[in-house]
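Please read the following report alongside the sequence and the structure shown below. It takes up cysteines, a pair of packed helices, and a few individual residues in turn.

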Amino acid sequence: MSEKTENTEQTESTESTESTEATETAETTETKDKKTTQSLASTIKVSRYVLGLVKRQPGGKLFLFVRVIMAIKDALFPLVTTIFPGLIINELIGEARTEVLAVLVGVLVGTPLVGQVFNFFAHRYKQRKWNEIQVNIQCKFRFHNVSMDYENIERPTYNTMIDRIEDTFWRLDNYVSQMLRIVTAILGMVAVASIIAVLNPLIIVLISVMILVNALFTNRANKKSYELGKESSKEDNRGWAYREMLTWRGYAKDLRLYNIENLLIESYTGQIKKVNKLRDKNYVINNVPHNISAITNMLQQGAIYAYLIYSVVAGNIEIGTMTIFLAATAQFFSSFSSLSQNYLYLAGNNMQIGEMIEFFALPRKQMETGNKTPTFDRNSTIEFRGVSFKYPGSETYALKNMNITFRGDEKLCIVGANGSGKSTFVALLTRLYWPTEGEILLNGVNIYEYDYKQYQRLFAPVFQDTYSFYFNLGKNVTLASEFDQAKLDDVSAKSGLKILVDKLPKGYDTNIHKWLDEEGIEPSGGEAQKLYMARAVYHGAPVFLLDEPTAALDPVAEYEIYTKFNEMIADRGAILITHRLSAVQLADKVAVFEAGAVVEYGTHKELYKAGGTYTEMYDKQAEFYKG
């Protein structure tokens, strides 16, 4: 941003140029200071968020307490190996008292054993507890994902965001570890700084300068690496699409018969090359700080060794004390480096954690509106009153000033060409989206005054893009409803699904798809539709929604399924969405949609007699089927 500003703010005269440059320098410095402050504030913010997230889980507080104790131990135990070898050397050169040497050696060799025993139990507890905490956090993530407003999942960036957040969740433990390593580093620095200060405080200044130089390069690398990581995730997600088309059985027939394997493989290979190029660039960027660190470390070590050797030769310190100072400076450097690197790690991950915070902040307006209990019976009505709707990011109305009423004692068939607003109508009816304008009323009350989940339970849907779950056949029908064998048999028989069940050795226990069971089945289109019809009837909601569920079937099969379904729900209200007219005579009323509005409404006979849009649609399809 500053480069763009500098490039655009050039003046014609030398004097004004110098003035501008001075102003820009001040602004750049101010901006950098602001960014540094924001980075620190952001790091503190996300760190508190992560700690709060962990603390709120069952056993989270005890988990964090154990981690803090581990951090204190990691800070203090290295002091033994820093100080005691030098004390032993000085004792040997001096009086060489046996009892003193025994104590010093005993502490020196015993500390690692104590540390190992402590680590065994502490790490075992930490890992077991973290596994539980991570499951709870993952469940929180999954629940939020399925309960947030539906429109969010249709964002173009949704899949990439979910993939990156998924990765962030798996690294949360590492994030907590980095925070506690900062605690360890600070404690270790305070402990050894007092030792070094006795020799020469300037050594602390020297080490600090070298580490800050390293930190500057690391911080820059982290920012570039994050941007490359985002770009790499985007390209990798595109590569996933090509992998899907090359491996998923749904594409297998077209792939072979249209001979497009070379096209897909070339596209896939191109994406992989892009990702590999970005990863190679990221590798180079991430290794620049390591090279700088190697140089600064060499300069620092050379200066410290020269000073300590001079001090020993001059008789200012003993040899044992020299080893203490050497170990102390190494420990201080290690602790300071750890502080710097772990802080930069946290700061570098601010954006990833920020994405997670942003994800959990995605609205759940639907879930959080209304608390009234809805009811629906034969005398109930659902009314669209002046409803208009635009999809997020679109300037075009999918529905415009729609007015239509559905009664609980009728079966309404909605027809129209693709893009006429039929599926949008269902999405608004079931509260997957909010109307842009107007309101939807259930028994005269705005539907957003009703409890979200209770309202949605009024509907038993079968969508055009309905899918089978990776459950057995019986569970695919009952889903979360209470299991009732007699009811399951009844709906299976009426829907025609029982024919399939009786042919299978495992019956209802046969898995759908082969993902979880190699002996699973892949239902045909007609069998799948019977399953979805049985599922809807088993659910038993007051209103059935059929949003072009038979679009992939031929008209005869479609009519047979609609007829059978109509018999199964004789005492319920239903809305049938279709662009084919083979089932309209089963409906009490027909609504013709065109360009997001209701252009005709009435019975089949009334609309056909009127000779309008409906008549034209019906005659064209009838002529087509006659051949």
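## Cysteines, a helix pair and selected residues

The structure holds zero disulfides, and it should be kept in mind throughout that this is a predicted model. Two cysteines may be set side by side here: Cys-413 counts as buried because its relative accessibility is 1%, under the 20% limit, whereas Cys-139, at 46% relative accessibility, counts as partly exposed.

How do helices H3 and H5 lie with respect to each other? Two packed helices are described by the angle between their axes and the distance between the axes. For helix H3 (residues 60-76) and helix H5 (residues 98-147), the axes come within 10 Å and cross at roughly 150°. That makes H3 roughly antiparallel to H5, because angles over 145 degrees are classed in this way. The crossing in which H3 passes H5 is left-handed.

Which residues of H3 and H5 meet? On the H3 side, the contact is made by Gly-60, Leu-62, Phe-63, Val-66, Arg-67, Ile-69, Met-70 and Lys-73. On the H5 side, these meet Gly-115, Phe-118, Asn-119, Ala-122, His-123, Tyr-125, Lys-126, Lys-129, Trp-130 and Ile-133. Sorted by class, the contact of H3 with H5 has ten nonpolar residues, together with four polar and four charged ones.

The backbone at two loop residues also deserves attention. Asn-443 and His-513 are listed below with their phi values and their places in the chain.

| Residue | Phi | Loop between |
|---|---|---|
| Asn-443 | near 55° | strand E4 (437-442) and strand E5 (445-446) |
| His-513 | about 75° | helix H18 (498-503) and helix H19 (525-539) |

For Asn-443, phi is positive in a residue other than glycine, and His-513 likewise has a positive phi although it is not a glycine. Asn-443 counts as partly exposed, because its relative accessibility of 33% falls between the 20% and 50% limits.

Where is Asp-619 placed? Asp-619 is found in helix H22, which covers residues 613-626, and it is partly exposed, with a relative accessible area of 33%. Its C-alpha atom is separated by 9.8 Å from that of Leu-581, a residue that lies 38 residues apart from Asp-619 along the chain.

Technical notes
Residues are numbered from 1 along each chain as its sequence is written. This is a predicted model: local features need pLDDT of at least 70, side-chain atom pairs count only at pLDDT 80 or more; totals for chains, interfaces and linings use all residues. Side-chain values use heavy atoms; hydrogens and water are left out. Axes are lines fitted to C-alpha atoms, for helices over the stretch in contact, and angles run from 0 to 180 degrees between N-to-C directions. Helices (H or I, at least four residues) and strands (E, at least two) are DSSP runs, numbered from the N terminus. Angles under 35 degrees count as roughly parallel, over 145 as roughly antiparallel, 65 to 115 as roughly perpendicular and the rest as oblique. A crossing is left-handed if the near helix is turned anticlockwise from the far one by less than a right angle, and right-handed if clockwise. Contact means heavy atoms within 4.5 Å. Ala, Val, Leu, Ile, Met, Phe, Trp, Tyr, Cys and Pro count as nonpolar, Asp, Glu, Lys and Arg as charged, and the others, Gly among them, as polar. A disulfide is a pair of cysteine sulfur atoms within 2.5 Å. Buried means under 20% relative accessible area, exposed over 50%, partly exposed in between (1.4 Å probe, protein chains only).
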